[in-house]
Amino acid sequence: RVLLNTFVLTGGTLLVTVVLGAVLALLLNRPFPGRPLVRTLLMSSFLIMPVVTAVVWKNMILNPVFGFLSWLTQTLGGTPVDWLAAYPMVSVITMVSWEWTPFAMLILLTSLQSLPDDQIEAARLDGATPLQEFRYIVLPFWRQALEVVILLETIAVLQVYGEIYASTSGGPGLATTNLPYFIYQKAFAEYSIGVASAAGVIAVVLTNILAVFLLRMISRNVGEKTA
């Protein structure tokens, strides 16, 4: 169950951050009034400490009594939901995605700004729609940047601990217990040092396998471009 939670948390966070990061990068690549301010505000969540993020989301946004979502639901005539109890994994994925979406956005935006303008102009002159422009020009150009985002975020999200500790404490039950929090529980709460050490070995092996796989994929793609 702990391994499954770890994979769900990592995969869900990667999916949300890459999609939202790509959308925000495309929006910020277009000139509009106040763009520097918007870019700064969007980057701010990446600079907040994990425990602070969890406390803010737990008490100010997701709290079923005085949280923002509770107030919004009551204003619309609905019944407030205790998100951390009813949808714990979704809540944790949302917190972690809120932190890491700016990272994906920044990497993809930097890559997008290096895209030659003549390619876009040529596609538009040929009658390409915005969807075709994204599919055949932007997305292939983003390939290496996406691989870097996936590699770094995978390694980082596999080590998520502070958000879980400060929001759900791995619960309800084992609903949000991932490998790092499981190791903490066994080592410092139950003093099962042997189990914690075994889980630590699994975490190291799992991280190295994923890192080697992703690095080989990136190296292969770089080699293809060089050739």
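Here is a short conversation about two pockets, a helix crossing and a buried residue in a predicted model.

Me: How do you know that a feature may be discussed here, and how are residues numbered?
Reply: The model is predicted, so to speak of local features needs pLDDT of at least 70, side-chain atom pairs count only at pLDDT 80 or more, and totals for chains, interfaces and linings use all residues. Numbering runs from 1 along each chain as its sequence is written, and side-chain values use heavy atoms, with hydrogens and water left out.

Me: Why is Asn 5 called buried?
Reply: Its relative accessible area is 5%. Buried means under 20%, exposed over 50% and partly exposed in between (1.4 Å probe, protein chains only), so Asn 5 is buried. Asn 5 sits in helix H1.

Me: What is Asn 5 in contact with, leaving aside its neighbours within four places in sequence?
Reply: Met 89, Leu 174, Ala 175, Thr 176 and Thr 177; contact means heavy atoms within 4.5 Å.

Me: What makes H1 a helix with a number?
Reply: Helices are DSSP runs of H or I with at least four residues (strands are E, at least two), numbered from the N terminus. H1 spans 2-28.

Me: How do the axes of H1 and H9 cross?
Reply: The axes of H1 and helix H9 (residues 143-157) come within 10 Å and cross at roughly 140°. Axes are lines fitted to C-alpha atoms, for helices over the stretch in contact, and angles run from 0 to 180 degrees between N-to-C directions.

Me: Which residues meet there?
Reply: Among them are Leu 9, Leu 14 and Val 18 in H1, and Leu 146, Ile 150 and Val 157 in H9. By class, this contact has 7 nonpolar, 4 polar and 1 charged residues.

Me: What makes a residue of the second largest pocket's lining nonpolar, polar or charged?
Reply: Ala, Val, Leu, Ile, Met, Phe, Trp, Tyr, Cys and Pro count as nonpolar, Asp, Glu, Lys and Arg as charged, and the others, Gly among them, as polar. That lining includes Val 16, Trp 98 and Pro 102 as well as Ser 45 and Thr 94, and divides into 7 nonpolar, 4 polar and no charged. H6 gives the largest share, 5 residues.

Me: Which residues are closest to the centre of the largest pocket?
Reply: Of the 14 lining residues, these are Asn 29, Arg 30, Ile 120, Arg 124 and Glu 133. The lining has 7 nonpolar, 2 polar and 5 charged residues.

Methods
On a 1 Å grid over the protein atoms alone, a cavity is a set of points where a 1.4 Å probe fits but cannot get out, and a pocket is an open set with protein on both sides within 12 Å along at least five of seven lines; lining residues have an atom within 4 Å of a point.
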